[in-house]
Structures are given as C-alpha cells and as structure tokens.
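Hi there,

Here is the structure I promised to pass on to you. Have a look at it first, and then read my notes below.

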Protein chains: 2
Amino acid sequence: WEKVLSAHDAWSGWVCVLLVGVAAGLCAGIIDIGATWMSDLKEGICKEAFWLNKEQCCWSANDTTYDDEGCSQWNTWSEILGAQTGKKAAAGGYIVKYLLYVLWAVVFAMLASMFVHSFAPYACGSGIPEIKTILSGFIIRGYLGKWTLLTKSVGMMLAVSAGLSLGKEGPFVHVAACCGNIFSYLFPKYGSNEAKKREILSAAAAAGVSVAFGAPIGGVLFSLEEVSYYFPLKTLWRSFFCALAAAFVLRSINPFGNDHLVMFYVEYNEPWYLQELIPFIFLGALGGLYGSFFNKMNIAWCRYRKNSKLGQYPIVEVLGVTLVTAILSYPNKYTRMNTSELIRQLFSRCGAEDKTMLCDYNRNSTSLSSYTSSTVAGDEVYTALWMLFLGLLFKGLITIFTFGIKVPSGLFIPSMAVGAIVGRIVGIGMEQLVVRNHDNPFFQNMCQSKQFCTITPGLYAMVGAAAALGGVTRMTVSLVVIMFELTGGLQYIVPLMLAVMTSKWVGDALGKDGIYDAHIALNGYPYLDSKKEFTHTTIAADVMRPRRNDPPLCVITQDSMTVEEVEAIFRDTSHNGFPVVLSSESQYLVGFVLRRDLMLAIANARKNQEGVVSNSIVYFSSQVPNNPNDPAPLKLRKILDMAPITITDQTPMETVVEMFRKLGLRQTLVTHNGRLLGIITKKDVLRHVAQLGNQDPESILFN
Amino acid sequence: WEKVLSAHDAWSGWVCVLLVGVAAGLCAGIIDIGATWMSDLKEGICKEAFWLNKEQCCWSANDTTYDDEGCSQWNTWSEILGAQTGKKAAAGGYIVKYLLYVLWAVVFAMLASMFVHSFAPYACGSGIPEIKTILSGFIIRGYLGKWTLLTKSVGMMLAVSAGLSLGKEGPFVHVAACCGNIFSYLFPKYGSNEAKKREILSAAAAAGVSVAFGAPIGGVLFSLEEVSYYFPLKTLWRSFFCALAAAFVLRSINPFGNDHLVMFYVEYNEPWYLQELIPFIFLGALGGLYGSFFNKMNIAWCRYRKNSKLGQYPIVEVLGVTLVTAILSYPNKYTRMNTSELIRQLFSRCGAEDKTMLCDYNRNSTSLSSYTSSTVAGDEVYTALWMLFLGLLFKGLITIFTFGIKVPSGLFIPSMAVGAIVGRIVGIGMEQLVVRNHDNPFFQNMCQSKQFCTITPGLYAMVGAAAALGGVTRMTVSLVVIMFELTGGLQYIVPLMLAVMTSKWVGDALGKDGIYDAHIALNGYPYLDSKKEFTHTTIAADVMRPRRNDPPLCVITQDSMTVEEVEAIFRDTSHNGFPVVLSSESQYLVGFVLRRDLMLAIANARKNQEGVVSNSIVYFSSQVPNNPNDPAPLKLRKILDMAPITITDQTPMETVVEMFRKLGLRQTLVTHNGRLLGIITKKDVLRHVAQLGNQDPESILFN
C-alpha cells in the first residue's frame with residue numbers, strides 16, 4: 001500500500017498534466033465546433049438537421065455542385081423567410097440577409113456579454129496578462145475557477161460567432177489554465193501548494209497554445225517565453241507532454257475536418273530567393289509599426305474606458321461595437337467571412353482547383369504545371385486587393401476598440417489577419433513586379449523561363465502575419481516556432497525569423513512593452529518583470545521602510561513585551577509580519593513572525609492557556625525565566641521564522657531585485673552590522689521599479 | 001560618436017552570436033568535408049584529383065554505373081598496388097584492402113591521439129560534461145581556447161576517419177563553444193565578464209547541436225535542457241539566432257551534397273497505427289536498458305582506467321582500441337561503413353531505386369505502388385539482419401571502451417546506431433508479422449488489402465535510435481525536437497515521445513545519472529545540479545565551518561588589527577576571503593574582504609604610502625581616529641564588500657542550496673542574532689550534496 005502511495009505521488013504530476021491536456025483538447029474541440037456552427041447560423045440553417053454546420057450540411061446533401069453560396073440542403077434565412085426569385089427579389093434577399101446577419105450578431109454579442117457580466121466577470125478579455133501575473137505569484141481568487149471556464153467557453157463561441165474582430169486562440173490559454181487549476185485539486189500535492197500548482201498552470205498554458213495553433217513545441221516555448229515566470233526544467237518535459245496530449249485529443253476530434261488542428265495550415269513547399277528577404281524585412285518593419293501603433297491606441301482607449309462613464313455600461317459598449325462591426329463587415333466579402341477562413345485564403349497558394357477572386361490569374365489552364373508558377377494577374381485580383389485594403393483599414397481600427405470589451409477576446413487572429421492582408425498585398429505586388437520584369441538581372445534567378453517565375457504571395461501573407469503578431473505581442477522564438485509548425489518545413493524559418501526580429505526591434509524602438517505587459521501595467525497588477533534589466537544606482541537603504549524621517553520600524557522584542565503591548569501593535573499597524581529583535585536598544589535581529597500566526601497564537605493562549613493575562617510576557621527566546629511571581633509566560637518560539645532572508649543596507653538594488661525574482665521573496669529585512677534597520681517588501685520593490693520606468697508608483701494593485 | 005558607441009553596445013551581443021554562428025557553421029562544414037574525404041582514403045583514392053572524396057570522384061567521372069564498389073576514377077588501394085584480376089587475386093585483393101584499411105585506421109588514430117596529447121589535452125572526449133561545468137560557473141583555463149579548437153577539429157576528422165565507434169556530433173558542441181569563447185573576446189562587454197560570456201557560450205552550444213543535426217530549435221532546447229545552468233530568456237532568442245545562422249552557413253556549404261545538414265535526413269511520410277505503439281514502447285524500454293547498461297559499464301571502465309596503469313599510456317590504449325575496432329569491423333559491411341551512412345540506411349524506407357540487402361523484398365516490380373507497401377522479405381533481408389545483429393553486439397561493446405579514450409569522441413552517433421539497429425530488427429519483425437497475418441483482426445486496420453500493409457521499418461529504426469540516445473543521455477524534449485526536425489513532420493512526434501519517455505523512466509529506475517552527469521561526478525567537477533530536488537533535514541549550522549570543535553573562524557576586525565596581524569593571517573591560512581567584524585568580542589558582521597584585494601592593498605600601501613609600517617592599524621570603518629602619536633592608519637573601506645549575502649544558522653539547507661544555485665554564490669556568511677558564526681562555501685555545499693548522494697565528498701575537484 002505504501003508503495004502504491006509513493007508511486008501515486010511520483011506519478012500524480014504526469015497523470016495531472018495528462019488529464020489537463022485531454023481536458024484542454026476536449027474544450028478546444030467543443031468550442032471550435034460550436035463556434036463554426038453558430039457562425040454559420042448567422043447565414044442560414046440546415047434544413048434536415050439543424051445541428052450541422054454549413055460544410056457538414058452540404059456534405060450530407062451529396063450535391064454535385066457546392067459553391068460559396070450553398071447547396072440544396074442549406075437554407076439561407078432569406079430563403080426560409082420566403083423571398084421570391086427575380087431581380088428585385090434578389091435585392092430584397094440581400095437586405096433580409098444583411099438584417100438577419102446584423103441581428104444574429106447583436107444577439108450573440110449580447111448573450112456573450114450578459115453571460116460574462118452575470119456569471120463570471122473574469123471571463124472577459126484574453127486572460128494572458130492575468131495568467132502571467134498569477135504565475136508570478138499573485139493570487140486572484142476565482143480567476144481560474146469552473147464558472148470562469150464555463151462562461152469563457154460559451155462566451156467565446158458566442159463572441160466569435162458574433163463576427164467581432166477577435167479570436168479564440170488567446171482565450172484557449174485561459175481555458176486550458178482553468179482546466180489545469182481544476183484538475184490540480186484532484187492531486188493534493190499540487191492543489192494545496194501554490195508553487196507546485198504553478199507548474200501545472202505553465203503546462204496548461206502550453207497546452208492552450210498547442211490546441212490553438214496545432215503547435216505543441218511552439219506552445220511549450222510560448223509558455224516558457226511569454227507566460228511563465230519561473231520555469232524549472234522538470235516542467236519543460238511535462239508541459240511538452242501536456243501540449244502533445246491536448247493536440248492529440250483535438251486531432252482525434254478533428255473539428256475542421258481537414259486532419260489539421262488549425263484552419264490555416266500551410267501545405268505548399270515552394271522555394272524562396274535571397275532577394276525576397278528585402279520585402280520580408282519590409283513586412284517585418286510594417287508589423288513592428290502596426291504593433292506599437294495598435295498597443296498605444298488600445299491602451300489609450302482602455303484607459304479612457306476606465307476613467308470615463310463608458311466603463312459603467314459594458315453591455316452597451318459591446319452592443320455598440322458589435323453593431324458597427326456587423327454593419328461594416330457584411331458588405332465586404334473578406335471581412336464578412338470567418339477571420340480564420342480569411343487567413344486560410346490569404347496563406348494559401350493558388351492551385352488548379354481554386355476559383356476564388358484572389359486566384360484569378362491569366363493561366364494556361366490546360367497545363368497543370370502553370371499553376372506552380374506565377375503569372376500576370378487578372379482583373380479580379382485587383383478587385384480583391386481593393387476589398388482587402390478596405391478590410392485591412394476596418395480590421396486594423398475596429399480591433400483597437402474590440403480588445404478590452406467585456407467579452408472573451410483574443411487578438412492573435414485579428415493581428416494575424418491584419419498582417420496577412422498586408423503581406424498578401426505586398427506579395428502580389430512583388431509577384432507582378434517580377435513577372436513583368438523577368439528579364440531584369442536582379443530577378444533573373446527567380447525565373448527559369450519567361451513563364452516560370454516562382455513567387456508565392458501566400459508566403460508573404462504568412463510572413464506578414466508573423467510580423468504583425470510579433471509587433472503586437474513581442475513574442476520571438478515561440479512565434480517563429482508556431483509558424484514553423486504551421487508549415488512543417490524548415491525552409492521558411494529564415495524569412496519568418498528575419499521578419500519577427502525586425503518587427504520586434506522596430507516595435508521595441510517605438511514603445512517598450514508588448515500588449516500583455518502593457519495591460520498588466522494598465523491594470524496595475526503586481527508583476528515584477530523577469531526579463532527587463534535594470535541598472536540601479538540605488539542601494540537597499542534608499543528603498544527600505546522606514547524612510548529617513550519616518551517613525552522607526554515596528555518591531556517586537558524577544559523577551560520583554562507583554563501580551564497587551566503586542567495587541568496594541570496589532571491595533572496600530574496593519575503590517576503582515578513583524579521582525580523580532582534581541583532588545584529594543586540593540587535591535588539585533590532574531591527572526592520574523594507573521595501577524596496571522598501571532599494573532600492566532602495569542603488568541604489561543606488567552607482562551608486555553610491558564611494564567612495568560614494581559615501582563616504575561618511574550619517570549620521568543622529559548623530560555624524562559626521561571627519566576628513564580630510573574631504571570632504565566634507565553635512561549636512562542638515555535639511560530640518564529642528563525643531564518644528570514646536578510647540583506648545589508650549597502651546592497652545594490654540590482655541584487656535585491658534579483659533576489660526577489662529568483663527566490664520568490666515577499667519581504668527581506670535590511671540590517672547594518674547585524675542591527676535591524678528596516679524592511680523591503682515586494683510592494684516597495686515594485687514601486688521602485690515603476691518609478692524607474694517613470695510610471696506612477698501608486699498605480700500598482702496589491703492583494 | 002557616443003550614439004555609435006551605445007549602438008555598438010546594444011548590438012554587440014547580436015553581432016557576437018552572429019559571428020559565433022557563422023564560425024560554428026564553417027568549422028562544421030570543414031570537419032564534415034575533411035572527415036568524409038579521409039574516411040574514403042582508407043579504401044582508395046581518386047586518380048585524377050586526390051582531394052575529391054569517393055562520391056565526388058565518381059560524380060566527376062560521369063560513369064553510367066556507380067555501384068557500391070566504385071567507379072572508373074576511384075582506385076582502391078589494391079588496384080593501385082597492382083593486384084591482378086582472377087579468383088585467387090580477388091582473395092589477395094581482399095587481404096590487401098583489409099590490411100590497408102587497418103593500417104590507415106591505426107595511422108589516423110595515432111595522429112589524432114598524438115595531436116591531442118601534445119597540443120591540447122583538453123580536446124579529448126565529447127566536451128559536454130566540461131561545458132556543463134563551465135556554464136555552472138567553474139573556470140577551466142584553456143578549455144575553450146584556440147589550440148583546443150584547432151586540435152579538436154583536426155583530431156575529430158582523424159578519429160572519425162579511423163573508423164572508431166564515435167561520432168563528431170557531440171564534439172561539435174565543444175567546437176562551437178570554443179568559437180563562442182574566442183569571439184567573445186572581441187567584445188569587451190562579453191569577454192571581460194564571465195557571466196555575460198556564459199550567455200554567448202549557451203548560444204554557441206545551441207549552434208553546435210544545430211549544425212550537428214540540422215536542428216536549430218532542437219539545438220536551443222538542448223542548450224536549455226542539457227547544457228546551460230542558468231538560461232535567461234534574452235539568451236533564448238539570441239541562441240536561436242546563433243543556431244539558425246550556423247545552420248544557414250552549413251547549408252550553404254552543403255557538405256553532404258544532399259541539401260540537408262545531416263546524412264540521415266528522413267524523407268518519407270508514411271502513417272503509423274495505434275497498435276504500433278506497443279513495439280515503440282518496447283523499443284523505448286530497450287533503449288533505457290541499454291542506456292543504463294552502457295553508462296554503468298563505461299563509468300566502471302573509465303574508473304578502472306583512472307586508477308590503473310592503463311591511464312598512463314593513453315596513446316597505446318587508443319592504438320589498441322583502434323586495432324581491435326578496425327580488425328573486427330572490416331569483415332562486416334555494416335560496421336565497415338561510416339556510422340552516419342549506416343544510420344541513413346537503417347532510417348530509410350525501401351523505394352524502387354534501393355537495391356541494398358535490407359531492401360530485398362519480394363515485390364511486384366512492375367507496379368511502383370507496391371513499393372509503398374510492405375511485403376514478404378527475401379533471403380537477403382535475413383542475411384542483413386544477421387549481420388546487423390553481429391554489428392549491434394560489436395558496436396554496443398566497443399563503444400563502452402571507446403568513449404573516454406584520449407581522442408575527440410562523441411557518443412550521439414554510436415548510441416543512435418545501436419538503437420537504430422535494434423529498431424530496424426524489431427521493425428522488420430513487426431512488418432513480417434503483419435504481412436503474414438494480415439487477416440488477424442488485430443492487424444486489420446493496417447492492411448487495406450492483402451498486398452497493402454504499411455509498416456515502415458525505417459520508422460522503427462528512428463524510434464529505436466531516439467530511445468537509445470535518450471537512455472544514454474537522458475535528454476527529453478530536446479531529443480524529441482531534434483528527431484522531429486530530422487523528419488519535418490509532426491506525425492511521428494507521438495511515437496518518438498512515448499519511446500523517449502519510456503526510455504527515460506526505465507533508465508532512471510536503473511541508475512539516476514545520464515552519461516554526462518556521470519562523467520562530471522567521475523571527474524569530480526564542482527557542479528551543483530540544478531535539476532535534482534533535495535530533501536534536507538539539515539540546517540546551515542550543521543554544514544558551516546568552523547565545525548563544533550574546530551578553532552573559531554578566522555576574522556578581521558574593522559578597526560583594531562595591525563598590518564602585521566593581518567599579514568600573519570595570510571601566512572597561517574589559505575582562505576580566499578575574510579569576514580570583517582565590528583570587534584572580536586561582539587562578532588557583529590560588517591562586511592567581507594577578498595584575500596587578493598587585501599594583499600594587494602597592503603603591499604601597495606607598504607610600498608607607496610608614507611608612514612605605513614607593521615604597527616599601522618587597518619581600518620575598514622568610515623571614521624578613522626586621528627592620533628598623531630600612532631603610526632599612519634591604513635584605510636581600506638573601499639575594498640570592503642559591504643553587502644555580503646548572509647543567512648541565519650537556522651536556515652534549512654534546502655534554502656541554502658537554492659540560494660547558491662539561483663544567485664550563483666561562492667560563499668555565504670552564517671549569523672545568529674547578527675553575530676557572525678561561520679561560513680558556507682560552494683565547496684561545503686557540494687560536499688554536503690555529495691554526502692546526501694552517498695558519494696565520497698572528498699572526490700570533488702576545486703580550482
């Protein structure tokens with residue numbers, strides 16, 4: 001039995017991450033299927049089986065022709081409402097469809113925001129800034145609970161279906177983290193230890209990205225690079241296992257029916273040429289510009305929301321944004337479609353079977369090989385480019401107002417869409433430039449003959465998407481690896497990397513924080529960035545409390561204070577703990593006692609221990625004098641922390657910050673030649689760091 | 001100009017890793033090309049152009065037939081020595097070839113070991129244990145110098161060409177680290193700061209694995225998981241850049257002429273089935289068994305070498321091992337060939353163009369599609385399996401004696417070869433089992449029809465190779481990612497992961513350390529493992545010096561010791577530093593002073609400062625009394641470290657070890673109520689950890 005117990009203990013971590021991975025995969029599958037179904041519900045419904053989405057419906061209909069507009073089984077709302085055929089009716093049908101599209105969008109958005117508002121306010125947003133904060137040691141009760149999970153899952157389906165400019169990929173991380181939190185309570189080793197639980201949460205974050213992009217390795221690196229604060233190596237391997245389990249489950253569910261975990265999986269394998277690095281770097285720079293523009297605007301708008309009356313009407317705001325989004329996005333085919341589907345179209349190359357507007361090239365249709373090379377574009381391509389440009393403006397602007405409203409919302413997908421549109425436009429431009437100048441020596445190696453030039457605009461879209469996402473989030477390695485796993489080929493890693501690097505450098509030059517760090521700062525979470533380097537010239541003595549002219553630090557002596565005196569300290573101060581010193585004259589440090597422990601011990605003693613009165617002396621020392629005339633002494637050595645972390649007053653703040661980060665401290669005591677001088681809490685460190693960054697030090701929240 | 005300087009400062013890290021990456025790629029390319037050429041030299045030489053290797057030679061010969069035996073341009077040694085044709089002559093030719101093969105092997109090995117012996121003794125072995133130790137903060141002078149780089153590069157070519165059972169993949173990490181060390185001196189920011197230099201070395205290690213396996217992401221994870229001690233996130237991105245630059249350069253050199261960075265790149269894309277997981281897990285268990293068997297045997301042999309006379313004749317040992325290897329490996333085709341080439345053959349599937357023994361299946365040669373399915377094996381396959389089995393025994397045993405001899409030697413390739421042989425044997429067994437029982441319901445889903453079963457023995461070889469390597473090194477994520485990058489497809493990640501996990505668990509159950517950690521322990525390097533968890537019940541007071549009955553700690557008082565007294569302390573002790581206390585009665589800690597600084601300061605003062613004599617008092621305090629009757633005081637406050645890290649005597653050793661690891665301490669002072677009690681150095685911590693692990697604490701080396 002003991003062996004079983006110890007085996008359980010050793011295995012519980014693995015079993016826990018396995019369960020978390022499976023649960024995250026299941027949640028993702030359900031959300032994907034639900035969101036697809038509800039998105040299609042905006043356009044119509046399946047006659048025979050309402051639970052099927054458009055694709056499945058047409059599949060079951062066995063129609064020979066299946067075009068963009070539907071099949072015999074799929075009924076659009078205008079058909080159901082009995083619009084007649086004919087020219088005038090077509091116009092009427094368009095209006096009916098339009099109105100119903102807007103109506104459904106508003107209904108979905110309202111449901112989503114009401115769900116969030118009434119069941120779990122924490123379910124809004126992407127959740128990544130909060131998870132970063134939680135993993136750094138801050139506790140937000142209920143943020144990862146089952147109600148948040150449920151509300152976020154349902155709210156995500158609704159919000160995506162409403163056609164808002166948001167994605168479900170970021171919130172997957174939150175959903176997975178909720179699974180992680182819930183399952184960790186099944187294993188006392190993890191549920192009852194916050195530090196251990198964070199290991200599970202790190203693994204869960206990896207699983208979230210793994211199911212969002214079908215990229216288990218990218219997920220682990222995302223967790224390592226972006227989310228996790230302290231990532232021990234044991235966690236690396238477990239996170240990988242968790243991410244893989246999640247991807248495996250999602251693949252078995254196969255929500256998109258294409259054997260891939262994401263809609264926009266890339267299947268081509270075209271080469272790229274060295275001179276193409278110039279447009280790739282250009283795309284990277286654009287991505288960085290867009291990223292810092294977006295971050296600044298979004299933060300400004302969120303700050304405005306916080307400080308104005310707007311923040312008091314979250315549901316109205318959601319409805320307003322939805323109304324604007326729905327009305328503006330319907331007329332443009334590219335904004336009307338699902339954003340994932342848009343990205344898929346932008347990423348893909350034009351094969352023989354593609355009849356979309358973007359693929360209207362003047363090809364020699366009899367030869368299949370002409371589809372693997374670039375040719376002169378037809379008129380429809382230019383029309384498509386105009387529509388894409390309008391879509392770009394719309395998406396780029398509306399996302400600023402969307403990210404931060406009170407529905408679950410991620411911004412991976414909108415950012416990627418913006419970048420992909422820019423990339424595709426640049427790509428087609430480049431393609432036409434090369435095709436029309438194939439004799440130019442600069443382009444010669446890209447064209448084997450007059451007909452055979454290979455430029456893949458889809459690759460530009462991919463690079464652009466990576467650049468824009470990189471500019472917004474300032475992810476680096478994990479982003480490149482995620483994109484690499486989307487394509488499965490090492491050959492695009494150099495273009496992607498160059499674009500992401502350029503994007504990060506341009507972005508960092510214009511504004512330091514990624515969107516998640518900016519939101520952490522905006523919300524004032526107590527997050528001590530582990531990546532930044534500080535060059536302090538200050539020492540511990542400058543930061544510690546008490547300051548020069550403050551009253552002295554509130555301390556307890558080890559063998560001379562009465563119960564009454566200690567209780568007076570409780571009344572007068574609200575500190576969470578008190579240093580214990582040898583005597584109030586010498587101030588030599590003995591230990592540290594927590595307020596909670598001390599209050600409990602005294603209350604207990606007063607109730608249960610005979611002879612303890614207000615005059616009793618509280619002893620933290622090992623020897624207690626036995627004087628029968630005095631009231632019974634109160635011995636509290638066992639609640640004293642005899643090993644508090646101390647530093648000297650001359651310690652540079654650089655070292656202090658490092659100790660706080662790496663050892664996960666909450667406070668440290670400052671001494672000089674062994675005498676206690678003061679205390680530095682995490683709060684003081686955060687204030688100090690904020691001051692160095694020219695932020696308002698008072699804006700930081702504390703629990 | 002100032003802007004240029006600050007830009008240089010910001011960019012120097014990137015420029016440095018770029019240079020390191022390029023240099024690592026160049027070195028790898030040169031070594032690859034040189035090793036291939038010299039390996040072929042054992043068999044023959046190109047008539048027209050001796051600098052071409054066999055493949056290039058035959059390529060330039062434009063022969064229509066190019067079989068295993070050579071082409072018109074390629075002359076084997078027996079041809080050159082003028083052996084006649086005919087049956088008897090063929091036998092004679094075989095003997096001539098055999099003798100020359102052995103002769104060349106011995107010559108190469110002798111050269112390699114003499115190079116290492118006379119120029120750079122540090123160039124032997126794989127170098128990974130030492131690099132791990134260096135990255136943990138220990139300094140080994142000259143280990144990463146230019147002579148080591150040169151000797152290791154040349155020695156590696158020679159050792160690989162000698163046909164020894166070793167690989168060049170592990171030593172690539174050492175070569176890259178040497179490049180990193182050399183280039184870091186170009187940038188004062190990195191060259192003059194050991195901690196900063198370690199960042200460059202981490203990146204270099206990633207580049208080493210990147211060029212060894214063509215796996216930049218795997219390289220970064222290897223550096224993170226296996227090599228690096230402390231891996232800040234900034235390093236992640238730089239390491240990735242470095243690894244990618246190295247891979248890019250190596251790809252441009254294209255040493256194998258196949259557009260891939262490794263010989264054994266896998267190009268198939270076959271599916272696998274769920275029931276195949278059983279043999280995969282079996283392979284994993286075998287890998288774990290082999291790994292711990294190999295580690296135990298190798299360590300035992302290395303210990304025997306250390307403690308016996310054998311260790312005094314390194315060159316004789318190398319020659320002996322080479323002689324045995326060459327004599328035994330020549331008769332067997334599979335052991336005679338380059339190990340990378342063997343792995344390539346084992347990994348590959350049998351296509352229509354493959355005419356090797358392993359691909360002798362009874363196929364319907366008219367239909368191409370029959371090559372994508374499994375069929376009944378022919379006789380030659382069984383012959384090949386026997387030869388492989390013999391090769392397995394030979395390689396498995398000889399590697400034990402090879403890893404550790406005084407030539408550059410890695411064990412990635414031999415371990416992978418052993419695993420790949422086992423895997424291929426199991427794979428062919430499984431294949432034949434399924435083909436012959438295709439009606440069995442258990443196998444039904446693997447066979448579409450009687451002729452169409454798809455089992456890929458090459459995949460088994462790959463899984464087996466990963467399992468064996470995992471068993472030996474106990475790598476996990478990085479190994480899976482390296483194998484994933486070799487195949488470029490996500491679909492094999494689940495089999496690989498399961499096998500590697502099983503291998504690690506089986507291996508860990510039988511013996512805790514991977515081969516690198518075992519060699520670190522064998523050599524007694526002061527390496528504080530950052531992965532292991534310790535459960536200490538001891539406190540700092542039990543570990544600190546002085547022990548209970550020792551003389552008290554040697555301290556310096558801040559304002560009462562004379563120069564003479566301090567010099568007496570120098571004579572009597574050899575400590576590297578001394579705590580400074582308020583007075584010898586109170587023992588309240590003021591600071592810490594390094595022996596080196598103090599000696600220098602006193603010597604300086606005695607020479608240059610007027611009035612300083614043996615009777616002068618050394619002052620570390622801020623106020624120095626001004627008494628004209630006393631000899632001139634010596635003020636040394638500026639060399640005093642006023643912020644030494646201190647702990648209390650009650651601190652649990654768990655916390656102490658964590659502080660040493662995370663803060664990179666060399667010593668910490670132990671206090672009780674502000675009074676100095678003792679000191680704990682890194683040495684004490686290492687001894688304590690060794691004691692807990694039941695090792696001999698005196699076996700640890702210190703610099």
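A word on terms before we start: contact means heavy atoms within 4.5 Å. This is a predicted model, in which local features need pLDDT of at least 70 and side-chain atom pairs count only at pLDDT 80 or more, while totals for chains, interfaces and linings use all residues. Residues are numbered from 1 along each chain as its sequence is written, chains are lettered from A and ligands numbered from 1 in the order in which they are written, and side-chain values use heavy atoms, with hydrogens and water left out.

Let's begin where the chains meet. Chain A and chain B each bring 56 residues to the contact. About 5,300 Å² is buried between them, and 78% of that comes from carbon and sulfur atoms (buried area is the accessible area, with a 1.4 Å probe, that two parts lose on being put together, summed over both). B:Trp237, B:Lys662 and B:Asn673 supply 13% of what chain B buries against chain A, more than any other three residues.

Between chain B and chain A there are zero salt bridges (a side-chain nitrogen of Lys or Arg within 4 Å of a carboxyl oxygen of Asp or Glu).

Now a spot in chain B: how buried or exposed is B:Thr557? At 5% relative accessibility, B:Thr557 counts as buried (under 20% relative accessible area; exposed is over 50%, partly exposed in between; 1.4 Å probe, protein chains only). Its contacts, leaving out residues up to four places away in sequence, are B:Val580, B:Val581, B:Ser583, B:Ser584 and B:Phe620.

Happy exploring!
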